[in-house]
Amino acid sequence: MSESFDVIVIGAGPGGYVCAIRAAQLGMKVACVEQRATLGGTCLNIGCIPSKALLQSSEEFHHAAHGLADHGVNVANVSLDLARMQARKGEVVGANVKGVEFLFKKNKVTWLKGAGRIVATGQVDVNGTVYTARHIVIATGSDSTPLPGIAVDETTIVTSTGVLELNTVPKHLIVIGAGVIGLELGSVWRRLGAEVTVVEFLDRIVPSMDEEVAKHFQRILTKQGLKFRLGTKVTGATKCADGATVTMEPVKGGAAEELKADIVLLAIGRRPHMDGLGLAEVGVALDERGRVKTDAHYATNIAGIYAIGDVIAGPMLAHKAEDEGVALAELLAGQAGHVNYSVIPSVVYTDPEVASIGQTEEELKHAGVAYSVGKFPFTANGRARAMGATDGFVKILADKTTDRILGAHILGPDAGTLIAELATAMEFGASAEDVARICHAHPSLNEAVKEAALAVAGRALHI
Ligand SMILES: Cc1cc2nc3c(=O)[nH]c(=O)nc-3n(C[C@H](O)[C@H](O)[C@H](O)COP(=O)(O)OP(=O)(O)OC[C@H]3O[C@@H](n4cnc5c(N)ncnc54)[C@H](O)[C@@H]3O)c2cc1C
């Protein structure tokens, strides 16, 4: 038996590394097991950060080529250096993962390098050495969900991991799945010149999004050149000499069809990762969807074993995993850790961005809640006009009787930042009138939030 810890966290993604740091801050002796060569998990290595680096770079390229002339800035011969763009992405990832390593050292968190396996309550095996702990935290994240009939090779038929590494711009990219990841990464390659076809089983894009927002969003993406095949079931994809052929058929029935592409991105969702963890052997229970089952305090059915992040229920988002990491560390320290699941923002980092928080109009209707809607378009916002970014609107949903904000949805420039104001308001139980009466700087995009809040009571000023 070797070293003993108060907490061993398995997995150093945003859930695991944040939990480890917070537990160490609270005075616990902490180890974090990570099998990858670098810390930071899916998010920093192959998820949020590299995708946002490429989204930013491809937006700069597209803007330089198509968006500057209108501002009176003439740039001739804009050309793409994809190798440099990819190298920059690598530098961004490198700086972030090294940052986590620094934070581990600063907080005296021990990184146990290798794959962790729970061998018994309070015991974790890493490379043949068994470490003991009072508390074990499973934070092993998620992987891309496979689709029967499709063999991913990460060069021609790829997941998000492979599509982030392409070293030439595909002529035609087929994206299977119109969720957040498919649309963000489809946008990257569209901006760099690829023809992009998105094939989706459902008859709409991003199913969790407010329907009105999703419809406008799809219209904007279509204008940008993305092609959509909705209500279409992919039945297989096979590699051929110069790419892959995808077979598909209408969900409602009809003739099957083949579509050729040089790259196929499989992006139908993610599923919890728990391979080789030893959960079945120790008796850790899973829920009906194969996720680790936890109670409200992240405890599994086995004493001393907890789970957080993508491996448990809830939205698969880095900030949700982080907040669970903090809450669990505080609970283990005897404090009152808590995550408010009704106020978790979710952002699509396309151009324009889409951000939402709380309930959609469909959810409110389904729950029989009486609500008021306030909407304000960016075409009527001075700052958005000055930026030349007038696509989209802010939509606020408030309780009809109390005026409390129940949901907010923003399609527009920097929506991912704008939504934070509404997250703060909702955490404080604000009414739409509260937000409407806050003095907002002029000219700012946030004025559109204020105007949407005014519009809830039918008294927007600038429309
Ligand atoms: C392309 C892409 C873009 C995304 N963009 C965003 C975004 O913009 N915003 C957002 O909020 N979310 C985004 N996500 C989702 C986000 O990455 C995840 O929600 C988040 O990483 C989950 O954190 P986690 O800590 O639960 O797990 P992960 O980040 O998946 O980390 C789990 C870690 O555990 C390690 N591990 C697994 N098993 C073992 C074991 N037995 N022993 C040792 N180590 C192990 C893995 O190697 C991994 O490093 C994106 C995901 C992808 C794929």
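**Briefing: a surface patch, a helix and a sheet**

At 38% relative accessibility, Val73 counts as partly exposed, because that category lies between buried, under 20%, and exposed, over 50%. The structure is a predicted model. The points below start from Val73, then turn to helix H3 and to an open sheet of 3 strands.

**The patch around Val73**

- Val73 sits in the loop that runs between helix H3 (48–67) and helix H4 (82–106).
- Together with Val75 and Val78, Val73 forms a nonpolar patch on the surface.
- The accessible area of Val73, Val75 and Val78 together is about 190 Å².

**Helix H3**

- Several residues of H3 are buried, among them Pro50, Ala53, Leu54, Leu55 and Phe61.
- The buried residues of H3 also include Ser51, Ser57, Ser58 and Gly67.
- The cover over these buried residues includes helix H2 (41–46), H4 and helix H6 (180–191).

**The sheet of E12, E13 and E14**

- Strands of a sheet pair through backbone hydrogen bonds, and the pairing is either parallel or antiparallel.
- In this open sheet the strand order is E12-E13-E14, and the pairing is antiparallel.
- Strand E12 (232–240) and strand E14 (257–261) are the edge strands, and each of them pairs on one side only.
- From one strand to the next, the twist averages 25 degrees.
- E12 pairs with strand E13 (residues 243–250) in the antiparallel sense, over 8 bridges.
- Cys240 stands opposite Gly243, a residue in E13.

Methods: Residues are numbered from 1 along each chain as its sequence is written. This is a predicted model: local features need pLDDT of at least 70, side-chain atom pairs count only at pLDDT 80 or more; totals for chains, interfaces and linings use all residues. Side-chain values use heavy atoms; hydrogens and water are left out. Two strands pair if DSSP finds at least two bridges between them. Helices (H or I, at least four residues) and strands (E, at least two) are DSSP runs, numbered from the N terminus. Axes are lines fitted to C-alpha atoms, for helices over the stretch in contact, and angles run from 0 to 180 degrees between N-to-C directions. Patches are made of residues with over 30% relative accessible area and no salt bridge: like charges are joined within 9 Å, nonpolar side chains (Val, Leu, Ile, Met, Phe, Trp, Tyr) within 5 Å. Accessible areas come from the Shrake-Rupley method with a 1.4 Å probe; for residues, only the protein chains shown count as cover. A salt bridge is a side-chain nitrogen of Lys or Arg within 4 Å of a carboxyl oxygen of Asp or Glu. Buried means under 20% relative accessible area, exposed over 50%, partly exposed in between (1.4 Å probe, protein chains only). Contact means heavy atoms within 4.5 Å.
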